[in-house]
Amino acid sequence: MTLKIFHQVGHNANWNLDSMEQDGAGDGLILSPVHQPKHSIGNVSAEARGRSFFDPQFYLPSSKKKKLQTYSFFPENISGGFSTVDFSAHAFDAAVDCIDFQVEMGFDRLVIPARFFSQMVSDYQQQQEAYTLKPFLEYIRTLSVDKPVFMTLPLTSHMVADVKYREELLNWVTRFPEIHGVYAFVDNERDTKQVRDSDYLYESLAFFKSIVNADLELVIGYTNTEALLFSLLGDITLTFGTFENTRIFSIDKFLESDEGRRGPKARIYLPGLMNWVQYTQAKEIQRDLPEVWDGVYRSTSYGDAALASVTEPTFNQPGLYKHFFLVMYDQIKTLRAMSIVDRYGYLRAALKTAESSYAVIERGRIDLEVHGAGGHIQPWLSAINRYARGFL
């Protein structure tokens, strides 16, 4: 086991694949059926599939998104229009088709899907068991396939914050001897792109630590750069993605919408600030505060090309995302080589340095817009310090 980071693959999956195969950034892929029709999964090389896994994404079983319609095992399809009552008669058939597909594609593990609940339902465990867990395990037991089995655990920040609720979840996930690991993620609704709630981060670290302590492998999905903090949990798998809907979980992407959306402004990841900064403001730092720039920017061919361009890149061009993958992967490799205690010391020092850099930028009369500013730094420090006091 070692600290890993997988691409949370969304739209423009070839960017992730190229980044991993050509640039050597990332340890595997999490393939996304809401963004990729079934036939395109087979177009991914067998070698790449063999180090990756498939997330069936049963989160909104009534979803009618077009790419999900290409998968016969998706609940809306296999039951001829999803209803909670009727699906139980088709759940085993869905399990057969879904697991057979994962085996056929040669993925490195078998993933049991789950439903997303936005509320803290009292029968969360029972509903997940009836929906997928029991029929999937029933079918997996009949197979002679030597692959680890992961259960999906979709959570909300309210579930994570409730100590009793998450203790019950822990007791539940450890009840099944066939389960080797947990693929977990949290819907954390917020107004900022970066997490600024130190209590949420601490409670997430504490809960995920309990999963690791139960000798279960852990994948934390849909993370932004706060993934770096989760390296304190040990040798787990973290995730990174391109657009925000692969770095922040939301059920919205499973809903059909006719509303057009204006594309966001291009941003570049600056590791010394542990943040994505608007491209135009990054250029201001580069031009007017070169001594700060040297400390916050990490050169890559993609980042250098974007910054040298006479026109501002757009959010739907790959360069700035491939820059992010390379830089973030280097940060993970640095952390990978350290003990957990040393990771804490490294992150604490990096956050303090980022805090100082933000202060110099402000004194230099560059007022970063809210999402690129340093409002996340102190909450992150508070969270890891509290975690270190209790667990390290």
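**Two strands and their neighbours**

In strand 10 (residues 275–278), Asn 275 and Val 277 point one way while Trp 276 and Gln 278 point the other way, and all are buried. Here buried means under 20% relative accessible area, with exposed over 50% and partly exposed in between (1.4 Å probe, protein chains only). Strands are DSSP runs (E, at least two residues), as are helices (H or I, at least four), numbered from the N terminus. This is a predicted model, in which local features need pLDDT of at least 70 and side-chain atom pairs count only at pLDDT 80 or more, while totals for chains, interfaces and linings use all residues. Residues are numbered from 1 along each chain as its sequence is written, and side-chain values use heavy atoms, leaving out hydrogens and water.

Strand 10 runs antiparallel to strand 9 (residues 267–270), and four bridges join the two; strands pair if DSSP finds at least two bridges between them. Asn 275 of strand 10 has Leu 270 opposite. The hairpin of these strands has four residues between them, and Met 274 takes a positive phi near 50 degrees there.

Strand 2 (residues 28–31) offers another view of alternating side chains. Gly 28 and Ile 30 point one way, Leu 29 and Leu 31 the other way, and all are buried. In a regular strand the side chains alternate between the two faces of the sheet. Strand 1 (residues 4–8) runs parallel to strand 2, joined by three bridges, and Gln 8 stands opposite Ile 30. Between these strands the chain passes through helix 1 (residues 13–21) in a right-handed β-α-β crossover (clockwise from the first strand over the helix to the second, with the strands pointing away from the viewer). Strand 3 (residues 53–54) is also parallel to strand 2, through two bridges, and Phe 53 in strand 3 is the bridge partner of Ile 30.
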